[in-house]
Amino acid sequence: MAYSAFKLQLDLNRSDNTICNISKQSDMAHVLRETKITVWGKCTTAHKKGVDALNRTLQDIRESNLLMGGSTVLLAGDFRQTLPVVPLGGTCG
């Protein structure tokens, strides 16, 4: 749901500085500028770069260098469902 709501690209590993596909003049940008709180459910299964992309996008849209552009973002989820970290688990060999 977050991928479509925030217009995140599907391949977040493509770049280190990904942003959401939301232009500053769009209706969605207007909503994000005016909103008081954004709730991201199931964030525990989201890619870290997705959260980083939302941060950069909110900073750009709200013209603020504060974290998440100075808006409140509630990251919610069942942290018991977080997958374990396996050192070097993504490498072959």
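**Close-up views of a predicted model**

**View A. C20 is buried, at a relative accessible area of 2%.** The coordinates shown here and in every other view are those of a predicted model. The whole structure was searched for disulfides, and 0 were found. C20 takes part in none, and the cysteine sulfur nearest to its own, that of C43, lies 15 Å away. C43 likewise belongs to no disulfide, the nearest cysteine sulfur being that of C20 at 15 Å. Because a disulfide requires two cysteine sulfur atoms within 2.5 Å, the 15 Å between C20 and C43 rules out a bond for this pair. C43 is buried as well, with a relative accessible area of 11%.

**View B. The protein contains 3 helices and 2 strands.** From start to end of the sequence, these elements come in the order α-α-β-α-β. Along the principal axes, the C-alpha atoms occupy a box of roughly 45 × 30 × 25 Å. The chain has 93 residues, 30% of which count as buried. Among contacts with a separation of 6 or more, 57% involve residues 24 or more positions apart. The accessible surface is about 6,800 Å², and carbon and sulfur atoms account for 56% of that area. There are 11 positive and 8 negative side chains, with the centres of the two sets 3 Å apart.

**View C. D60 and K24 form a salt bridge, with an N to O distance of 3.8 Å.** This pair connects distant parts of the chain: D60 belongs to helix α3 (residues 48-61), K24 to the loop between α1 (2-5) and α2 (27-34), and 36 residues separate the two. Both partners count as partly exposed: D60 has a relative accessibility of 40%, and K24 has one of 28%. Side chains of opposite charge can pair when their charged atoms come close. The count for the structure comes to 4 salt bridges.

**View D. Within helix α3, K48 and D52 are 4 residues apart, about one turn of the helix.** Their side chains form a salt bridge, and the closest N and O atoms are 2.8 Å apart. Which of these two side chains is exposed, and which partly exposed? K48 counts as exposed at 59% relative accessibility, whereas D52 counts as partly exposed at 25%.

**View E. D78 and R80 meet in a salt bridge, their closest N and O atoms lying 3.1 Å apart.** D78 is partly exposed, at 27% relative accessibility. R80 is exposed, with a relative accessible area of 76%. Elsewhere in the structure, K24, D60 and E63 are joined into one network by salt bridges that share partners.

**View F. K42 has a positive phi of about 55 degrees, although K42 is not a glycine.** K42 sits in the loop between β1 (37-40) and α3. The relative accessible area of K42 is 66%, so the residue is exposed.

**View G. M68 has a positive phi of about 55 degrees and is not a glycine.** M68 is located in the loop between α3 and β2 (72-75). Is M68 buried or exposed? With a relative accessibility of 9%, M68 counts as buried.

**View H. T18 lies in the loop between α1 and α2.** T18 counts as buried, at 4% relative accessibility. Which residues are in contact with T18, leaving aside its neighbours within four places in sequence? The contact partners of T18 beyond those neighbours are Q9, L12, K49, A53 and R56.

Conventions: Residues numbered from 1 in each chain as written. Predicted model: local features only at pLDDT ≥ 70, side-chain atom pairs only at ≥ 80, totals over all residues. Heavy atoms only, no water. Buried < 20%, exposed > 50% of the residue type's maximum accessible area, 1.4 Å probe, protein only. Contact = heavy atoms within 4.5 Å. Areas by Shrake-Rupley, 256 points an atom, 1.4 Å probe, with all protein chains shown as cover. Lys, Arg positive; Asp, Glu negative; His and termini not counted. Charge placed at Lys NZ, Arg CZ, Asp CG, Glu CD.
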